[in-house]
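Please look through the structure shown here with the text that follows at hand. The text takes a few parts in turn.

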Amino acid sequence: MLLARVVLSTFCVCSCASAQYSIRDRIVLPAATASSSVTLTLRNALPETAQIDVGPASDSGGAFLSPQPIVNVAVAGDDRKQLKIELTNVYFWGEARLPIQVNGRAYSVLLQRGPAINSRIVKSNAEPLSVAISADGRSAVWLYNFSGDALPVRWRIASGNSAACGVDTTGALKDCSERETWHSITIPPAQSSAIRFGVPRSWFNPLAGGVKREASMELGFGQDGSAAIQRVPLAMQTAAGRWSLRAVQMALPDWLFHSMLSRILWTTWWITLGAVFLMAAQVMIPNFRKVLRMENDVEALEERLRAINSRVGDRLLTRCRRELQTVRIGLIMRDPDDQRKPLSLPSIRDKIGLSGNTAAVHLLRTLLKRIDARVRLTELLDERLNTFLELDSSRTPPSLFRAWEQEVKRIQSILSRQFLNDADEKAAHTALNDLADGTAGMTAFTADLQRRITGLKRHFADPKCREKLDEYLARFCHCVDVLEGDDSSVEEGLTMAELAARDVAVSRIEILADLLELAPLLGRGSPTEEAVLERLYSTDPGVLAEARLLLTMRSQGVDAKRIRIALEEGMWDVYSEPTLVLEQDVLRLSFCFREKVLNRAAAKGLYQCFWIVAPKPAGTAQSIDEGKEYESGWDIQVLARGGELTLTPEVYDTRGEKIEVRKTDETKGVLTVRPQKSLASDVSARTLRGIVDAFITAIVPVLTVAITQLQSGSAEGLDISKLVLLGFTSQAIRTAIVPESTDTSTMTTGAATAREATAG
């Protein structure tokens, strides 16, 4: 900047030495008046018939001045080699170009009004000048005078409703309401002078404005300063940080800052910084390592999940994947489909923020353990299903096959729950072990078959009941032998085929018993009776279950046609909870018929309800048909994610044909959810909580050490590095006053902790 001033002074000193100018010189106009007269010297004399034209003046950027100065040009001098230019109504500041044509030859006259500020020729509407403010609120602005005469200047700095125009004899800021009270300086000809000023401390208060502030420097020229004012926009910025001790110093009065409180603040600030550094080393580094280990565990669980067959159930696999995605979001892991760099500054910054919150790391570890337990049990279920599917249903007792099938569905239902607590994990593990133990399962089946036979014998001990049953028993094999045999008919050593035949006979007798009970309702030779008897000839467990379903439907008085009519006529509704959905919340939806009896009817099982879950990430134009998932069941649970989520129910019959359930309203049952961002899952909020916790934990020992050092007088000679080291040593006092363990092994487990981890 100093070199620029020297060059600029050398360039302009020649032009300011006399009142006459060359056509190539910079013509300096007086800043104190709006009119002036200058004389230009030409190389050649002008003829008597010389034609002189003056164009509109423009600024340094080429834009026309507004308002335009009034210019009169005439030939002067006996030798007719001079042009006398009279200018009035001159209101511009900075540089301007005045085009003049003399006999068709064009000249461009450079006009200068006002000084150069900080080596810049500034107009009133130019970009703000950047001005650095020192920690004590002082600064300086340099003005260069192009003129050959001394330039008196009155000045003030205005910002908002306050202004600064120098200090009085006592060092306090002067009153700047009147121009006569403005501070004044005189700039020598062709030289630079500095306007040194101070600003109020309140301009850079950390609570109201921070480290930057917009202002305007007003310059009044002339002896009395009554001429037009040049306003120069300033962008002031203090070198101190917004929350540094220097910024606090500028916000406080001098008498307060130079008191004992200032020394306490200074000492406490740096000791606190050292204490927080040590707490970060004790807490954040172990937590950061745990976060990295959990990332490896998530990737390993994803690999194990890919190896599981889809026969375990889409709902169970979807649940595991969504829980892993929840942990991914909590750990700020990169999406596998993201092609950007795996290590970026924002991700590392967010991981450091997560490491500062020990509670959040504990919750993520707990949730990861639950996911590991769910995946481990899912792998066991996959093994059991592999053995189960190898069974020949035609050679397996129907009741045993159906019991295994129901047990598998029960295990799938347990593992598909939103939260897998200790009791659920134990129940699923016990059930999977029972499925693996074929001997124990066969023993329990044999004992149950014997109890069923004994019960049937007691039921048909009445001759009248037996007489009605005999009309049907003649059609089927082994049924009479089961009822007329002794109680030890189910003996050990029977082959699987013999057990299967006996179990089929017992199942047929049980269904015939229900048929006899409903005979008055069905009527002799009714279609339902014929359909039931037709299915009893089969040995397949599913066909026998259909026979039971037909009787149950007739008993309830609700058939498949009635269910279909209710679906097509829109006599149903979709209910959901909760009303306010946050990210990672559990959204529960139910497809319910308006007629209550239909919701518990057996005929409802002939239809299957699917839910199309179509996510739409926030800020994208992705179609809801892309990346959609499916959930099955009349009642489902969905984990809410970021962006928009659309859920659409669809119903299919036994043949797999879709039923039109929205003939009158296409949007009926379609639910659109926009989960709101949870503060608990926000990385900035977690980082802020960690910082607040660190300061609260360290404040007692830090104040103790700071006050002790001040009382002993040793803090006066300590530099910043020694004060920071005192903050490290104060952690011993913190341990004695506020005992706290950072051991992560004693963490709470259970459904409540997993629920908090999912929400946070």
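What follows describes some strands, a pair of helices and a single residue in this predicted model.

A sheet is a convenient place to begin. Strands of a sheet pair through backbone hydrogen bonds, either parallel or antiparallel. The sheet taken up here is open and has 3 strands, in the order β10-β12-β16, with antiparallel pairing. Its edge strands are β10, residues 116–117, and β16, residues 192–198, each of which pairs on one side only. Strand β12 covers residues 138–144, and its antiparallel pairing with β10 consists of 2 bridges. To find this pairing in the structure, start from A116, whose bridge partner in β12 is Y144.

Further along the chain, strand β20 has two pairings to follow. Strand β19 (residues 572–577) is joined to β20 (residues 586–593) by 6 bridges, and the two run antiparallel. Within this pairing, S576 stands opposite L589 of β20. Strand β20 is also joined to β23 (residues 635–639), through 5 bridges and again in the antiparallel sense. Here S590 can serve as the marker, with D635 as its bridge partner in β23.

The helices come next. How do α11 and α13 cross, and what does each bring to the contact? Helix α11 spans residues 463–473 and helix α13 spans residues 496–517; their axes come within 11 Å and cross at roughly 120°. Angles of 65 to 115 degrees would count as roughly perpendicular and those over 145 as roughly antiparallel, so with its crossing angle α11 is oblique to α13. The crossing is right-handed. On the α11 side, the contact is made by C465, K468, L469, Y472 and L473, while α13 brings I509, L512, L515 and L516. Sorted by class, the residues in this contact are 8 nonpolar and 1 charged, with no polar ones.

The last stop is one residue in a helix. E302 is found in helix α4, which runs over residues 260–306. Is E302 buried or exposed? Buried means under 20% relative accessible area, and E302 has 15% relative accessibility, so this residue counts as buried. Which residues does E302 touch, leaving aside those up to four places away in sequence? They are L324 and R328.

Note on methods:
Residues numbered from 1 in each chain as written. Predicted model: local features only at pLDDT ≥ 70, side-chain atom pairs only at ≥ 80, totals over all residues. Heavy atoms only, no water. Helix = DSSP H or I, 4+ residues; strand = E, 2+ residues; numbered from the N terminus. Buried < 20%, exposed > 50% of the residue type's maximum accessible area, 1.4 Å probe, protein only. Contact = heavy atoms within 4.5 Å. Pairing = 2+ DSSP bridges. Axes fitted to C-alpha atoms, helices over the stretch in contact; angles between N-to-C directions. Parallel < 35°, antiparallel > 145°, perpendicular 65-115°, else oblique. Left-handed = near helix turned anticlockwise from the far one by under 90°. Nonpolar A, V, L, I, M, F, W, Y, C, P; charged D, E, K, R; others polar.
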